[in-house]
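Good morning, colleagues. Please take a moment to look at the sequence and the structure, which I shall then take up part by part.

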There are 2 protein chains.
Amino acid sequence: MALDPRRLLLLRDVARAGSISAAARELGWTQPAVSQHLARLERDVGGPLLLRGPAGVAPTEAGEALLRRADVVAAELHAAGEELAALHSLRGGRVRLVAFPSAAATLVPDAVGALAADHPGVEVGLQEGEPPEALAAVSAGDADLALAFGYDGPPAGLGALAWRPLLEEPVHLVLPPGRRGPGRRGLAALADADWIGGCVRCRTHLVERCAAAGFEPAVRHSSDDYVVVQNLVARGLGVTVLPASALAAYRHPDVAVVDLPALGRRHVGLVHRPGADAVPATAALVARLVARASADA
Amino acid sequence: MALDPRRLLLLRDVARAGSISAAARELGWTQPAVSQHLARLERDVGGPLLLRGPAGVAPTEAGEALLRRADVVAAELHAAGEELAALHSLRGGRVRLVAFPSAAATLVPDAVGALAADHPGVEVGLQEGEPPEALAAVSAGDADLALAFGYDGPPAGLGALAWRPLLEEPVHLVLPPGRRGPGRRGLAALADADWIGGCVRCRTHLVERCAAAGFEPAVRHSSDDYVVVQNLVARGLGVTVLPASALAAYRHPDVAVVDLPALGRRHVGLVHRPGADAVPATAALVARLVARASADA
DNA sequence: GGTCGGCATAAGTTGTGCCTATGGCCCTCG
DNA sequence: CGAGGGCCATAGGCACAACTTATGCCGACC
């Protein structure tokens, strides 16, 4: 039978106290309790570890060997406690966030800045990524937290991951300078327009919405960079849709922006593995992202 | 509450196995048993250590910190087991023997030699000492085993120490060359002789015996070296008493030796702290000393 | 959509771990 | 030299902890 580490530590307490009775007093136990544990330990080991004398105990050679090991174990346990306390009090720790670009440009810097100001010991790893990759990274354990979005609801492919909504934002129609809005006909009025697509998910959403309006958009150009997209629109190469936050992060002076409820709303939120929001560093960043998002609203 | 080292090792098993269920299978436990221990550990720590996913578990940052510590603890426990096994199988270990001079000259070399031949890894520390100091050394933990003697019984001052008889031997009268034996009057015939004393305890014993015979011996000279004593006797400076083993170790060719039952018998045996005879290295030396002593008888 | 593998929870049973009580031993002090 | 106080071990009893079985939920995969 393998030796019980708790009894190993008890042996250490007894050796330090000098007698079984003294150790029992220090531990707040009774003498027989300690005595029985030692007897059991010696039975497991197969030989005596302490020699009992009238004035206390003295370790045998085997006892001294175990005591050296016990010191290491005790030190390790103590260090583990310190380490955990540091993580718990945010004197240390790490959180790896992967965010989609427009959020990375707006929400994230403020939240990370606030976290760094309060807890300089916490290390924040930041990476850009669109929702599918972001979710995969969290799932695989390569990231702790993802800032992701879905249209008209949480992003698809959540799987076992947890979804925490942060905010909803409208999706706007973005038109070249001079081009008139669709008017009462809504999206259908743009059936013949040239379209500029965004990221993969955004394009999918655009196609769905256009299908609901009765046409398939002709996507002439594509970029997942909302600055590039607006520049293309400003040059008259097509029309596009952009969520409010992308336009808040950057707005080309020449484009026209039209509110069009038929485009739906984009749901922005946090994704993490279940339970990960109880990890101190992650929780701290979550709290600051939530605060920042509700300040926007 | 301090974290339980057994649960720490369990965390390690789970992390290595990759899932709670797998760890339970490896341990021969059921899945809820492992699950409950982990839940308890996380409760003690105050946060999650493993994130549960559909395919198993992954450690959090705190979990990884604990796992590093757990590896050290596990290694230490394993090393402790190895160390104990080495002591148990006499591949290592140490025994410190303190013996009185005439035994050191006869019994001890044979026994130590036999032990060294069988178990070269065992280190034997040897020191000479008369019974009072020898017992004190064992009592204080400076020696593991004492070869000691007493007249007509175990040595005095054993206290809490254990006594293991090895052999009994007669005490002989040692006379200068040409001096006749005491005849039927026994010891009383030597009331007027000059006496040569041995070690402190031997002298005390001599005085007691003479008192029983009705006189107080005139001790002219003293030495605790049985060679010196015999040389003094051979030069005609007095008479003395010596136990058989001292005469077996060295016998001056000129002295006369007379068997005199009134001098009593010397009891030779081993002294150790209670339980010390269960320590492998000590037990091995004890066994060889016992074997050597009974071979003499 | 059914099956499988993962985990958590609830409830029951067994065993461990602690307690109190007692006795033996050695040492010390009156 | 006997009484008292220190040490320890053992026995018996009780309570909680630990492990069990039984069940349910969820996600992944065929």
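**Contacts with the DNA, chain symmetry and helix packing**

I begin with DNA strand D, of which a sugar or linking oxygen lies 3.4 Å from a polar backbone atom of A:Pro54. A polar contact here is a pair of N or O atoms within 3.5 Å; within protein, one must be able to donate a hydrogen and the other to accept it, and residues adjacent in sequence count only if both atoms are side-chain atoms.

Before going on, I should say that this is a predicted model, in which local features need pLDDT of at least 70, side-chain atom pairs count only at pLDDT 80 or more, and totals for chains, interfaces and linings use all residues. Residues are numbered from 1 along each chain as its sequence is written, chains are lettered from A and ligands numbered from 1 in the order in which they are written, and side-chain values use heavy atoms, with hydrogens and water left out.

Two further contacts to DNA strand D come from side chains. A:Ser35 places a polar side-chain atom 2.2 Å from a phosphate oxygen of the strand, and an N or O atom in the side chain of B:Gln36 is 3.1 Å from a base oxygen. The elements that contribute two or more residues to this surface are helix H2 (20-27) and helix H3 (31-45) of chain A, together with helix H1 (5-17) and H3 of chain B. Helices (H or I, at least four residues) and strands (E, at least two) are DSSP runs, numbered from the N terminus. Which element gives the most to the surface near DNA strand D? That is H3(B), with five residues.

In total, 24 residues surround DNA strand D, the closest being A:Ser21, A:Ser35, A:Arg52, B:Thr30 and B:His37. A residue is near a strand if one of its heavy atoms lies within 4 Å of it. Of the atoms of DNA strand D that come within 4 Å of the protein, sugar and phosphate account for 68%. By class, the surrounding residues are nine nonpolar, ten polar and five charged. Here Ala, Val, Leu, Ile, Met, Phe, Trp, Tyr, Cys and Pro count as nonpolar, Asp, Glu, Lys and Arg as charged, and the others, Gly among them, as polar.

I turn to DNA strand C. Around this strand there are 24 residues, of which A:Thr30, A:His37, B:Ser21, B:Ser35 and B:Arg52 come nearest. Sugar or phosphate supplies 71% of the strand C atoms within 4 Å of the protein, and bases supply the rest. Phosphate oxygens of DNA strand C lie 3.0 Å from a side-chain N or O atom of A:Arg7 and 2.2 Å from one of B:Ser35. A base nitrogen of the strand is 3.1 Å from a polar side-chain atom of B:Gln31. The residues near DNA strand C comprise nine nonpolar, eleven polar and four charged.

How are the two protein chains related? Chain B is superposed on chain A by a rotation of 180 degrees with 0.0 Å of shift along its axis, at an RMSD of 0.2 Å. The copies are therefore related as by a two-fold rotation axis. In chain B, the C-alpha nearest the axis belongs to B:Val73, 2.7 Å from it. The superposition is by least squares on the C-alpha atoms of residues with pLDDT of at least 70 in both copies.

Finally, the helix packing. H2(B) and H3(B) pack at an angle of about 115 degrees, with their axes 8 Å apart. Axes are lines fitted to C-alpha atoms, for helices over the stretch in contact, and angles run from 0 to 180 degrees between N-to-C directions. The contact (heavy atoms within 4.5 Å) joins B:Ile20, B:Ser21, B:Ala24 and B:Leu27 of H2(B) to B:Gln31, B:Val34, B:Ser35 and B:Leu38 of H3(B).
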